[in-house]
Amino acid sequence: MPQFPAVLSHRTFARFFAPMVMCVLLSACGAPTMKPVELALREHAPLAGLTHDQDIPGRWPDARWWQGFNDPQLNALIERAMASAPSLDSARARFEIASRQLKGRQADTRAQLEGSARANQSYSHTDLEYPALGLPGFGAGSTGNSQRSNVGLATLSFDWGLDWWGKKRAAIEAALDQRHAARLEQAAAANALQAGITRAYMDWQLRQAQLSQLDMLLDAARESVRITTLRVDRDIENPARLDQGREQVANLEQQRARIDGAAHQDLVQLAALMGVSLDQLDDLTPKPLPPLDTTLPDEAGLELIARRPDIMASRWQVEARMRGIDQARADYYPNVSLSALAGFLRLHPLGTGRNEDVSLASFGPAVTLPIFEGGRLDARYNASRAQLESAIADYNQRVVDAAQDVARQSVAMTRLENQLEAQSQALKSYQHRLELARERDARGVEDPRALIEAQQGLIRERMNRLALDGELLDTRIQLIHALGGGYHGRVPERDTRYLTTDTVTDEP
């Protein structure tokens, strides 16, 4: 078996690597410089009068904020939804895809070793017929010949692409950033699901409380109709007032039907969010609306808004696009790899009756240099820059939209608190009127319907209070959702290689 030298001489090695060094120097001249993109990430956002100081004590809202309502029914609904809601399936699938892609990028950096073996057998058969030549010993006849040959081949190949310019490392980092973004998209889907279930559940509780008050109002209206009917029958009351009483009852019944339909729609929405049919939804028990703490953190800047999973996902997309620039820039440099091959071939030629063995081996580096690529490298690099600019613009827009969302909810909460303060005074006034009506009814100096009307006025004012409480509670839930639903994750640090160090600040 022939033998091959395992080590190249220093002179041969130098002659081989000299062109490689020259290729590297030439390609480095064509690589673009690493200058920052003329765009900046927002550090602050307008929050409708809230200060911008990012030194916020505590962690508000809590990651399991809905448990603050102390409602076991709500807790059970959210836990069930988090385990099997279809709205989370697509987010989970995207995260799994990103995880598999990351593993694929990591595998690209490792050496590859492949083995193969082949065995072939050849067979040939020859038949020969010849006529008589008319000479002694040369009569007509035929002859045949069969031959077989065997070939066996075994090879072992090795290849390792060297990541001298960080292209593969950048690909791994980009895949890791994409995985971070996919995880945050999953958190954003969970945040939206939790807020959606809580809003639908609390709206159902509000409808149940309104229905209870409406039933009391209907009972009072029917009692008033009964009294009016007796007075009309004795010709001491105008029949038109009876028609007015009956019209009031009909209007209240229509209002009750609308609220009952809205409550049923809340149950339909709950079932849809949880991915179950309506009959699979657990029976819910009406409960009073929870007391609400309307206080906000003393300071709310980007630190609070940045907890939103969708904004954090967008921020990781910016990181991934910057890694894309690293990959595109590395394309200008040569690809360097180490490869080795070892093989053994055994032949059994036709008709020779002997074996012939051949062994071979090779080892060495390989360099691939882009010389003329028709502008493809520049196009890919410029496209990666444009993708980064687009990701930054998307991030900045999300920050502004989130700030507007937070501002909208905080302003709404202030408005509702002022309305509640004024409504509390009205509620006290109706309560006082009811007490006076009861006193006059007890002395028998007032029409009984005056007491019923006072009771109806108080019930209507309680319904107004319920509507304000429900709106304030829903606004609070939306504000928690707008601030990320209590999600706390790691925000990547600024990469000054591609981003300017200035920040965008919006003064209120």
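Colleague: Are α4 and α9 roughly parallel or roughly antiparallel to each other?
Modeller: In this predicted model, the axes (lines fitted to C-alpha atoms over the stretch in contact, with angles from 0 to 180 degrees between N-to-C directions) of α4 and helix α9 (residues 448-482) come within 10 Å and cross at roughly 175°. An angle over 145 degrees counts as roughly antiparallel, so α4 and α9 are roughly antiparallel.

Colleague: How many nonpolar residues are in the contact of α4 with α9?
Modeller: Contact means heavy atoms within 4.5 Å. Nonpolar covers Ala, Val, Leu, Ile, Met, Phe, Trp, Tyr, Cys and Pro; Asp, Glu, Lys and Arg are charged, and the others, Gly among them, polar. Seven residues there are charged and ten polar, while the nonpolar ones number 19.

Colleague: And how do α4 and α5 run, roughly parallel or roughly antiparallel?
Modeller: Helix α4 spans residues 167-233 and helix α5 residues 239-274. Their axes come within 8 Å and cross at roughly 165°. That angle makes the pair roughly antiparallel.

Colleague: How many charged residues are in the contact of α4 with α5?
Modeller: This contact has 23 nonpolar residues and nine polar ones. The charged ones number ten.

Colleague: Zooming out, how many helices and strands does the protein chain have?
Modeller: Helices are DSSP runs of H or I with at least four residues, strands E runs of at least two. Along the sequence they follow the pattern α-α-α-β-β-α-α-α-α-β-β-α-α. That comes to nine helices and four strands.

Colleague: What share of the protein chain is buried?
Modeller: Buried means under 20% relative accessible area (1.4 Å probe, protein chains only). Of the 508 residues, the buried share is 36%.

Key
Residues are numbered from 1 along each chain as its sequence is written. This is a predicted model: local features need pLDDT of at least 70, side-chain atom pairs count only at pLDDT 80 or more; totals for chains, interfaces and linings use all residues. Side-chain values use heavy atoms; hydrogens and water are left out. Angles under 35 degrees count as roughly parallel, over 145 as roughly antiparallel, 65 to 115 as roughly perpendicular and the rest as oblique. Buried means under 20% relative accessible area, exposed over 50%, partly exposed in between (1.4 Å probe, protein chains only).
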